[in-house]
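Got your viewer open and a cartoon on screen? Here's a short tour, with something to select at each stop.

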Amino acid sequence: MEREHLEWPFFEERHRKLAAELDDWAAMHVHDAHGDDVDATCRTLVKQLGQAGWLRHAIAGTQHGGAADVIDTRSICILRETLGFHAGLADFAFAMQGLGSGAISLAGTPEQKAAWLPRVARGEVISAFALSEPDAGSDVAAMACAARRDGDHYVLDGEKTWISNGGIADLYVVFARTGEAPGARGISAFIVPAGAAGLEIAERIQVIAPHPLARLRFNACRIPASNRVGEGGEGFKVAMRTLDVFRTSVAAAALGFARRAMAEALQRATTRKMFNQTLADFQITQTKLAQMATTIDSAALLTYRAAWKRDSGRTVTREAAMAKLAATEGAQQVIDAALQMWGGLGVVSEQTVERLYREIRALRIYEGATEVQQLIIARELLKGMQA
Ligand SMILES: Cc1cc2nc3c(=O)[nH]c(=O)nc-3n(C[C@H](O)[C@H](O)[C@H](O)COP(=O)(O)OP(=O)(O)OC[C@H]3O[C@@H](n4cnc5c(N)ncnc54)[C@H](O)[C@@H]3O)c2cc1C
């Protein structure tokens with residue numbers, strides 16, 4: 001993958017080294033890793049990523065096998081951008097290990113961290129993040145799934161949907177209503193192991209770009225009170241802190257997809273002969289390529305600005321929202337333009353541009369849809385301006 005942007009002042013030498021090593025490794029191990037059995041591919045990818053040490057970046061705490069004590073946003077962005085370039089499922093497998101275990105990294109007890117994080121980092125445990133519900137997606141505080149205290153236990157009842165890794169995960173971090181206060185202040189986070197009695201995979205969901213995804217049902221699912229992550233009523237905060245770490249990395253994944261589309265476009269445009277020249281010789285094509293490259297650089301600047309600022313300990317609410325918005329929407333345009341250059345071949349199943357065209361779509365919806373990012377940016381701008 002092209003790495004000129006790593007010369008920007010956002011990065012340190014360790015980031016350039018990480019990117020170079022990962023790029024070589026990914027080209028050998030996960031290049032276009034897809035295939036028919038998406039569950040098996042994801043399981044293999046998690047193992048490979050764990051054994052090679054890449055998952056260490058997805059968790060916090062060197063004593064638990066993490067690469068650092070605090071998750072380095074630039075590192076996870078480089079990982080997602082590079083893996084996204086090589087294979088969307090590899091990016092997915094990496095990202096979900098971090099998102100799924102993020103609540104434990106950020107708010108877990110020493111015992112919870114010791115029990116789960118080393119295995120997540122080694123790729124021995126597959127993790128999932130269960131927040132959304134059929135009637136609580138963008139409006140997540142409307143969640144209905146409930147956890148009732150019963151002595152030394154909590155009893156979970158309700159549903160979660162769109163849960164990535166649902167069906168193959170070993171560890172679900174589940175957010176449920178515990179009722180300390182109305183709305184967002186009455187939610188807590190829980191560790192629910194896959195084998196817990198009363199947890200059922202109610203439905204496997206097939207999506208435009210296949211990856212493991214499920215609706216979960218909790219039917220009097222009893223878990224020890226010690227599985228609660230963070231204080232009672234603090235679950236919404238824990239979920240938002242987790243998303244805050246990973247939102248910028250969604251932009252980075254989109255960037256990786258867009259860079260791959262650009263590489264495919266350049267390759268096709270410079271070799272496809274027509275009208276006694278190549279497709280790239282036409283100025284209409286050159287205009288498109290120029291726009292694509294500018295969109296990619298704009299997205300990269302916004303993404304790594306947010307990552308760098310976050311790593312320097314500052315709040316990045318506006319910057320992360322801008323990065324996700326610009327990178328995911330921009331990548332969709334870049335991929336669409338690349339597919340157009342491939343002509344009929346571009347819509348053939350499993351062509352790289354065809355796969356990218358499907359893979360980018362959900363990134364504009366999950367972890368806060370584009371419209372939600374726009375609201376966040378506007379809210380930040382208007383803070384203190386209105387009477
Ligand atoms: C492939 C995939 C993987 C996912 N993985 C996970 C996961 O692992 N864990 C998890 O908990 N969830 C996951 N999700 C769920 C995801 O976070 C939700 O789909 C998302 O939050 C949107 O919720 P919704 O689907 O209910 O859409 P809705 O909330 O119904 O929103 C529909 C649309 O309305 C628009 N919209 C939303 N808010 C506003 C507004 N204020 N003003 C104007 N327009 C608005 C947006 O265009 C949005 O797309 C995943 C989703 C997908 C598609």
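One cut-off before we start: a residue counts as exposed when its relative accessible area is over 50%, and as buried when that figure is under 20%, with partly exposed in between. Keep in mind, too, that this is a predicted model.

**Stop 1: a surface patch.** Select M385, in the segment that follows α10 (370-382). Its relative accessibility is 64%, so M385 is exposed. Now add L381 and L382 to the selection: with M385 they make up a nonpolar patch on the surface. Together the three have about 330 Å² of accessible area.

**Stop 2: two helices crossing.** Color helix α3 (residues 73-86) and helix α6 (residues 235-271). Their axes come within 7 Å of each other and cross at roughly 35 degrees. Which hand does the crossing of α3 and α6 have? It's right-handed. If you show the side chains at this contact, expect eleven nonpolar residues, six polar ones and four charged ones.

**Stop 3: a salt bridge from α3.** Stay on α3 and pick R74, then bring up D311 in helix α7 (residues 283-311). The two form a salt bridge, with 2.7 Å between the closest N and O atoms. In sequence, R74 and D311 are 237 residues apart, so you're looking at a link between distant parts of the chain. Is R74 buried or exposed? R74 is buried, at 6% relative accessible area, while D311 is partly exposed at 24%.

Widen the selection to E12, R14 and D72 as well: salt bridges with shared partners join these residues, R74 and D311 into one network.

**Stop 4: a bridge between strands.** Next, select R222 in strand β7 (residues 213-224) and D150 in strand β2 (residues 146-150). Their side chains meet in a salt bridge, 3.0 Å from N to O. The pair ties together parts of the chain that are 72 residues apart in sequence. R222 is partly exposed at 43% relative accessible area, and D150 is partly exposed too, at 31%.

**Stop 5: one more pair.** Finish with E350 and R358, whose side chains meet in a salt bridge at 3.2 Å, N to O. R358 has a relative accessible area of 15%, which means it counts as buried.

Want to keep hunting? The count of salt bridges comes to 29, including the pairs R74 with D311, R222 with D150 and E350 with R358.

Methods:
Residues are numbered from 1 along each chain as its sequence is written. This is a predicted model: local features need pLDDT of at least 70, side-chain atom pairs count only at pLDDT 80 or more; totals for chains, interfaces and linings use all residues. Side-chain values use heavy atoms; hydrogens and water are left out. Axes are lines fitted to C-alpha atoms, for helices over the stretch in contact, and angles run from 0 to 180 degrees between N-to-C directions. Helices (H or I, at least four residues) and strands (E, at least two) are DSSP runs, numbered from the N terminus. A crossing is left-handed if the near helix is turned anticlockwise from the far one by less than a right angle, and right-handed if clockwise. Ala, Val, Leu, Ile, Met, Phe, Trp, Tyr, Cys and Pro count as nonpolar, Asp, Glu, Lys and Arg as charged, and the others, Gly among them, as polar. Patches are made of residues with over 30% relative accessible area and no salt bridge: like charges are joined within 9 Å, nonpolar side chains (Val, Leu, Ile, Met, Phe, Trp, Tyr) within 5 Å. Accessible areas come from the Shrake-Rupley method with a 1.4 Å probe; for residues, only the protein chains shown count as cover. A salt bridge is a side-chain nitrogen of Lys or Arg within 4 Å of a carboxyl oxygen of Asp or Glu. Buried means under 20% relative accessible area, exposed over 50%, partly exposed in between (1.4 Å probe, protein chains only).
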